[in-house]
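Dear colleague,

I am passing on to you the structure we talked about, and below it you will find my notes on what turned up in it. Please read them with the model open beside you.

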Amino acid sequence: METDRLLTGAGAQHGGAHGSGPVRSGGVSRDSRRMSYSSTAEDYCRLDGGTGCSFRGTHGQPDTPCCDAVSQQTTDDEDLYIQQAVVFIEDAIHYRSINHRVDAGSLRLYRWYYSRICQWILGTIIAVVLLLAFVERPSSLSISSDPRHQSSRWEPPCGAPESIEMLCLFIFCLDLAVKSYLIGWEEFRKSKWLISYTVVICVSVIDWVLSVSMECDEKLRVRRLVRPFFLLQNSSLMKKTLKCIKRTLPEIASVILLLALHLCLFTMIGMLLFAKNADQKKNGEWELHFKNLTTSLTSLLVLLTTANNPDVMIPAYSLNRCYAIFFITFSIIGTYCLMNLLTAIIYNQFRGYLLMSVQTSIIRRRLGIRAAFHVLSCHRTQTEAQELVRISAVLQVMSRVNMKHFYKSAITAASQQFVEQGYMDRQQFRRIFDELDKDCIKEHPPLPQYTSATLQKLQVVFSHYYLTVLGNLVALANVLCICAILVLNSEKTTEERDNDVLEVINLCFILFYLSEMSVKIFAFGWRGYLSYRSNIFDGFLTVLLLILQIAIFITYRLPYSQEPSSRGVMSLWEMVRLVNMLIVFRFLRIIPDIKLMALVASTLLDLVKNLRAFAGILVVVYYVFAVFGIWLFEGAIKPPPQMSVFSIHNTTSNFSTACGTYEQLGYWPNNFDDFAAAIILLYDVMIVNNWQAFMEAYSRYTSEWSKVYFVCWWLTSSVMWVNLFVALILENFIYKWDRSHSCSVTDVEKIRYETSVQFMFKEQIQEPTEEELACQLNQHPHLHLEWRHEH
């Protein structure tokens with residue numbers, strides 16, 4: 001069961017301490033807790049309660065154990081060892097903690113809980129409970145969020161969302177019960193996440209009861225605020241990322257303090273420079289941006305994000321050009337120095353703590369493999385003098401383990417090398433599972449064999465790399481032709497455009513693509529052709545383009561002869577435009593053939609996989625701030641009664657707005673009247689373009705304290721999360737860039753880089769020693785390993 005401590009047991013509280021190394025694995029100092037093994041005397045293991053092997057030492061120190069089978073060992077015991085080894089290997093594959101129950105019934109429950117279908121159901125339930133915010137009151141089910149439309153919202157009847165929510169809470173209770181049982185009471189007491197899980201479920205149930213008793217008319221739903229916790233606790237990587245973020249915050253506090261001092265200092269200077277003047281014509285800067293302390297701080301804070309530049313300095317700059325020095329100096333120090341320094345510190349500190357988290361995952365993998373070896377080594381006889389496992393037992397375990405076929409085949413093949421010996425030792429057992437850390441290189445099927453000499457020569461020509469280069473040049477020419485025709489026809493109506501010319505050009509290029517696909521299939525064979533992802537992309541578009549072109553010809557040339565633009569649901573020009581769009585996508589085929597472009601594209605694709613934890617954290621933050629925003633500002637902004645959607649164009653309307661304000665810019669749909677609208681408004685503020693308009697509007701309609709909410713969101717989203725996102729992109733790209741120096745252009749396309757966080761820090765990870773693994777294995781709460789040494 002997943003826990004977030006570095007390793008369980010004594011000394012675990014030191015796992016996150018700052019030391020000379022990147023991490024202290026399992027809280028065991030490599031200097032002070034080093035343990036020596038000896039094999040000078042007979043060692044043995046015994047069964048303890050049917051839960052696994054027990055190892056004991058007469059001097060209280062770990063020793064290299066020799067695990068001898070008990071003479072009365074039954075087939076059920078052997079099967080239990082196999083089951084334990086299977087689960088430990090699966091824990092190692094998924095970087096899960098092995099500190100769970102290991103009896104036969106618990107192992108079956110454990111594997112069922114972590115099965116794909118069970119985890120998929122749990123993930124679906126979490127998504128459902130989060131999506132309830134869109135249908136609960138205030139409902140987001142309306143065409144527009146603009147209050148001027150006065151559109152009616154569809155409100156679900158009271159009890160419908162609540163019934164779904166109670167079903168979800170019931171499943172969460174089952175989830176908590178299963179997790180608690182599997183790890184045991186002692187481990188449950190140590191897990192802050194499971195204790196918090198219990199509290200959140202209790203709070204949600206109590207709030208649900210209050211909501212139902214008030215007939216769903218309450219304004220404050222506390223359970224909406226804690227719902228994102230269900231998403232957090234179900235993801236190990238999200239919990240680790242959150243822990244890294246939490247530990248990073250103190251490291252950037254100094255830069256935040258510098259930013260605050262910088263802001264306050266220039267605020268005081270600005271209030272002195274732009275004080276109220278007796279001449280009203282010179283009070284423009286004071287009136288708009290430095291009228292009081294709150295306004296001054298807000299104006300310079302927005303300038304820090306460049307959202308109000310150069311508007312903030314125009315009144316003063318129009319009077320004296322020297323005033324520009326004040327604003328430029330503020331921006332250079334704050335925006336270009338301190339903010340970029342903040343980015344650098346976040347990248348450096350977060351990367352260090354992420355490395356520590358990755359170290360934890362690697363230790364869990366090594367510990368799971370070591371535990372599997374120990375339970376399998378109990379199959380040996382008492383006459384053997386060192387710890388070994390039977391190859392037949394290893395192969396039996398591998399036949400039951402759920403893992404990717406590529407890794408299972410590689411590990412099984414590595415195990416079969418020891419079939420003649422019949423046994424393997426601890427180091428050999430560990431090495432066969434090193435296959436899990438290797439990259440998966442895709443191998444393409446062999447080329448088909450032709451007996452004819454002519455066909456063989458054609459195969460060489462059609463499989464040559466230059467054919468792909470020619471195809472890329474043709475794709476480039478196709479894009480240029482499309483662009484030229486679209487530019488020439490941009491001023492023409494659909495009736496005036498010569499669509500026939502464009503259709504002929506498209507048909508010529510499609511015929512070339514079709515012939516290229518055919519000769520490649522001839523050269524590589526069907527399996528070889530489909531083994532390249534670029535060929536699948538090209539072939540799919542070629543077939544789709546051909547089908548569309550045939551459909552156009554049948555629809556508009558047979559049997560009709562009149563102008564196609566005058567009839568039908570979809571005109572010829574509209575269908576040709578669709579074909580053009582698809583042909584433009586064809587140009588993407590050039591990416592794998594340019595090393596830098598292939599590297600960038602591969603980085604972007606891998607970011608999609610590695611951003612799940614970051615995206616999950618962002619979803620949680622958006623959710624919490626949106627709920628708070630609805631609590632604080634729901635219905636705060638209302639348009640004047642006489643104002644409609646088109647009143648801004650009505651000269652008879654007596655409603656007037658200042659330039660650049662929320663009302664003048666028409667930002668009415670951006671509000672906190674429902675959950676969906678709140679999400680969009682928070683996104684707009686995160687982009688920081690004109691975010692001061694929202695802050696100013698809500699401070700006018702509610703209170704000046706509303707600015708605190710928007711500043712907190714800006715710091716959380718734009719400063720923290722965006723910088724963390726930049727850090728991940730940098731780390732991912734640098735990792736790929738370093739690996740690609742020795743690769744050719746085709747290698748970048750052929751090799752599937754494994755860029756999980758574990759592989760990104762592979763060279764910097766410190767492997768745990770055998771002594772540390774033995775120490776942690778000895779502290780397993782359910783396996784009950786005891787080490788013996790007898791003279």
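The place to begin is a group of charged side chains: Glu-136, Glu-165, Asp-207, Arg-223, Arg-224 and Arg-227 are joined to one another in a network of salt bridges. Please keep in mind throughout that this is a predicted model.

Within that network, one pair deserves a careful look, namely Glu-165 and Arg-227, whose side chains meet in a salt bridge with a distance of 3.0 Å from N to O. Because Glu-165 belongs to helix 4 (residues 160-190) while Arg-227 sits in the loop between helix 6 and helix 7 (228-233), the pair ties together parts that are 62 residues apart in sequence. Are these two charged residues buried or exposed? Glu-165 has a relative accessible area of 1%, so it is buried, and Arg-227, also with a value of 1%, is buried as well.

A search of the whole structure finds 20 salt bridges, and two further examples show how such pairs can be placed. In one of them, Lys-190 pairs with Glu-187, and their closest N and O atoms are 3.6 Å apart; both residues lie in helix 4, three residues apart, which is about one turn of the helix. The two partners are covered to unlike degrees, since Lys-190, at 43% relative accessibility, counts as partly exposed, whereas Glu-187, at 3%, counts as buried. In the other example, Glu-770 forms a salt bridge with Arg-370, with 2.5 Å between the closest N and O atoms. Glu-770 lies in helix 28 (residues 770-778) and Arg-370 in helix 12 (residues 324-376), so this pair ties together parts that are 400 residues apart in sequence. Arg-370 counts as buried, because its relative accessibility is 4%.

Turning to the nonpolar interior, the largest nonpolar core has 97 residues, and the members that touch the most others are Phe-172, Phe-230, Phe-672, Trp-691 and Phe-710. Helix 22 (residues 612-633) gives the largest share of this core, with 12 residues. A second, separate core is made of 36 residues, among them Val-86, Ile-89, Ile-98 and Tyr-407. To see the surroundings of one core member in detail, look at Trp-691, which, if neighbours within four places in sequence are left aside, is in contact with Leu-301, Val-302, Thr-305, Ala-307, Val-685, Phe-710 and Trp-714.

Nonpolar residues are also found on the surface, where Ile-195, Val-199, Val-203, Leu-220 and Val-222 form a patch with about 360 Å² of accessible area together. Three residues of the patch, its largest share, come from helix 5 (residues 192-213). Leu-220, by contrast, is found in the loop between helix 5 and helix 6 (222-226), and it counts as partly exposed because its relative accessibility is 46%.

Finally, there is a polar residue to examine, Ser-139, whose place is in the loop between helix 3 (116-131) and helix 4. Its relative accessibility is 0%, so Ser-139 counts as buried. What lies 2.9 Å from a polar atom of the side chain of Ser-139? The answer is the backbone oxygen of Trp-154. Apart from its neighbours within four places in sequence, Ser-139 is in contact with Phe-134, Arg-153, Trp-154, Glu-155 and Asp-674.

With best wishes

Conventions:
Residues are numbered from 1 along each chain as its sequence is written. This is a predicted model: local features need pLDDT of at least 70, side-chain atom pairs count only at pLDDT 80 or more; totals for chains, interfaces and linings use all residues. Side-chain values use heavy atoms; hydrogens and water are left out. Patches are made of residues with over 30% relative accessible area and no salt bridge: like charges are joined within 9 Å, nonpolar side chains (Val, Leu, Ile, Met, Phe, Trp, Tyr) within 5 Å. Accessible areas come from the Shrake-Rupley method with a 1.4 Å probe; for residues, only the protein chains shown count as cover. A salt bridge is a side-chain nitrogen of Lys or Arg within 4 Å of a carboxyl oxygen of Asp or Glu. Helices (H or I, at least four residues) and strands (E, at least two) are DSSP runs, numbered from the N terminus. Buried means under 20% relative accessible area, exposed over 50%, partly exposed in between (1.4 Å probe, protein chains only). A nonpolar core is a set of buried Ala, Val, Leu, Ile, Met, Phe, Trp, Tyr and Cys residues joined through side-chain atoms within 4.5 Å. Contact means heavy atoms within 4.5 Å. A polar contact is a pair of N or O atoms within 3.5 Å; within protein, one must be able to donate a hydrogen and the other to accept it, and residues adjacent in sequence count only if both atoms are side-chain atoms.
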